[in-house]
Amino acid sequence: MTTTTVRVDAFGQTDIGLRRKTNEDQFVIMTLSKAAELRQTSVQDATVFQELSGQEGWLFVVADGVGGHRGGELASKTAITSLVQYIGRAVSCFSGVDPDGEHQFLEQLEGAVHEAHRRIFEELGDSGAGGQGPATTLTMVMLMWPRAYVVHVGDSRAFFLRNGRLRQLTQDQTTGEFLMARGVWTEEQARKMPIAGALASALGAPEMKPSVGLVDLQPGDTLLLCTDGLTKFVSDERITEVLVGAGDAESACRELVEAALAGGGGDNVTLIAARMVPG
Amino acid sequence: MIQKKVCMVGVFGTGKSSLVQRFVHSLFSERYLSTVGVKIDRKSLELDGIPMTLVLWDLAGRDKHEDITVSYLRGSHAVLYVADGTRKETCDQLSELRALARDAAGDVPTVLALNKSDLVDSWMLTPDYESALAAEWEIVRTSAKTGAGVEEAFLRLARAAQAPKRAQS
């Protein structure tokens, strides 16, 4: 694993948009740190102790609630608060050198999502067979430099930008994607079906299947997490252009929100940009 | 529970993700979606009465923009190399990929899946070429589309990962 260090320049923003009465999106950016300072030792090669000092992780989460009568707003809020509580309680900073530890760490991140799913059912009620109750998407990235662990449910998205090329890390969990993955629909058929965009997996919904992945980032990369209020109204090309041109994470977020509003603003829009600034 | 990390390595478009989809979810789709970074899936199974979980790391394939990221291979217990039998050039890069992977993963058990075996009319590997490959690799012909050979490829690796010394002797 590389020893290069970076400064993380992260910023998040949410906007109600132009057509919705409430904002059902939520986001959170947190740092997690574990500091162990070596004060004195008789061990001659003390590098192992130095490796433990100042480990730091970053947690980025966006969630897009669905369900009337403030249900969606409560679902996304419950998901984020539950997730943060679980991670604070149960997930340790992981140094990335031990594969068994890494799998355990990934299971803990998934466990946090399952716990949030359970809390939505418990606190906001079972959505029942019709799946009409409060539910939420959730896209989470835990960055333990240089590795970014991604746990994802629903149709919010995580991207990363490298050398001017935007790559999508997540796959939408919608009915359309679900049926295309099974070879039932072609892309053309999915485009014509109104239900193709319906969520096939969400926290609080009858189906909740987190997908898990990771990517090793490099200095100069930018992470982007967003709800579909951005991607439905702003093209990937325009997103790329903004991320490449922005001087910092805050201006990137502000410009992308403006672009979503200029593109119609038909939904709440929420995003997090995190730039890996060479240190 | 015993967990074994298995990495999928190969050139882009050889069907690594499709093999995982077939093995884990019994699904297949013709649609091609390139993997970005690593996608992780798990498959629980029982070998000789011993339960184990394969943690499958489906690595983005090597393409003209990016090579494989070798740091993903660290700590692997086994590697499944995947080549596309209808594109001989995907086999020609195997030795190079193996050298890269060995640097990171060490000398762990491997299997080579010659994928897309259902495409008989487009198959580009002559019997001689396959024999030459078989001298260097443990080969399984697979088809993510029909499922042929898929379970065999993963189970061979699982068995070898469970008893690595025996598998490599």
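Helix α2(A) has the buried residues A:Gly71, A:Gly72, A:Glu73, A:Ala75, A:Ser76, A:Thr78, A:Ala79, A:Ile80, A:Ser82, A:Leu83 and A:Ile87. The model is predicted. The length of α2(A), residues 71-90 of chain A, can be checked against its residue count. At 1.5 Å a residue, 20 residues should span 28 Å, and the C-alpha atoms at the two ends of α2(A) are 28 Å apart, so the two values agree.

Chain A also contains an open sheet of 5 strands, in the order β1-β11-β10-β7-β8, with antiparallel pairing. Its edges are β1 (6-15) and β8 (165-168) of chain A; each has a single partner strand, so one side of each is left without a neighbour in the sheet. From one strand to the next, the twist averages 20°. At the β8(A) edge, strand β7 of chain A (residues 157-162) is joined to β8(A) by 4 bridges, and the two run antiparallel. Within this pairing, A:Phe159 has A:Gln168 of β8(A) as its bridge partner.

Two helices lie across strands of this chain. Helix α7 of chain A (residues 236-245) lies across β7, β8, β10 (222-226) and β11 (269-278) of chain A, and runs at about 120° to β8(A). Helix α8 of chain A (residues 249-262) lies across β1 and β11 of chain A, at about 30° to β1(A).

Chain B has 6 helices and 6 strands. Read from the N terminus, its elements follow the order β-α-β-β-β-α-α-β-α-β-α-α. The C-alpha trace of chain B spans about 40 × 35 × 30 Å along its principal axes. A compact globule of 169 residues would have a radius of gyration near 15 Å; chain B has 15 Å, so its value agrees with that of such a globule. Of the 169 residues in chain B, 45% count as buried. Among contacts in chain B between residues at least 6 apart in sequence, 75% join residues at least 24 apart.

The remaining topic is where the chains meet. The contact takes 19 residues from chain A and 17 residues from chain B. On the chain B side, β1 (2-10) and β2 (38-47) are the elements that give two or more residues, and β2(B) gives the most, with 3 residues. By class, this side of chain B has 7 nonpolar, 6 polar and 4 charged residues. Strand β2(B) also pairs with strand β9 of chain A (residues 211-216), in the antiparallel sense over 3 bridges. Here A:Leu214 stands opposite B:Val38 of β2(B).

Definitions and conventions: Residues numbered from 1 in each chain as written. Chains lettered and ligands numbered in written order. Predicted model: local features only at pLDDT ≥ 70, side-chain atom pairs only at ≥ 80, totals over all residues. Contact = placed C-beta atoms within 7 Å. Nonpolar A, V, L, I, M, F, W, Y, C, P; charged D, E, K, R; others polar. Pairing = 2+ DSSP bridges. Expected span 1.5 Å × (residues − 1). Buried ≥ 20, exposed ≤ 12 C-beta atoms within 10 Å, placed from the backbone. Axes fitted to C-alpha atoms, helices over the stretch in contact; angles between N-to-C directions. Rg over C-alpha atoms; globule rule 2.2 N^0.38 Å.
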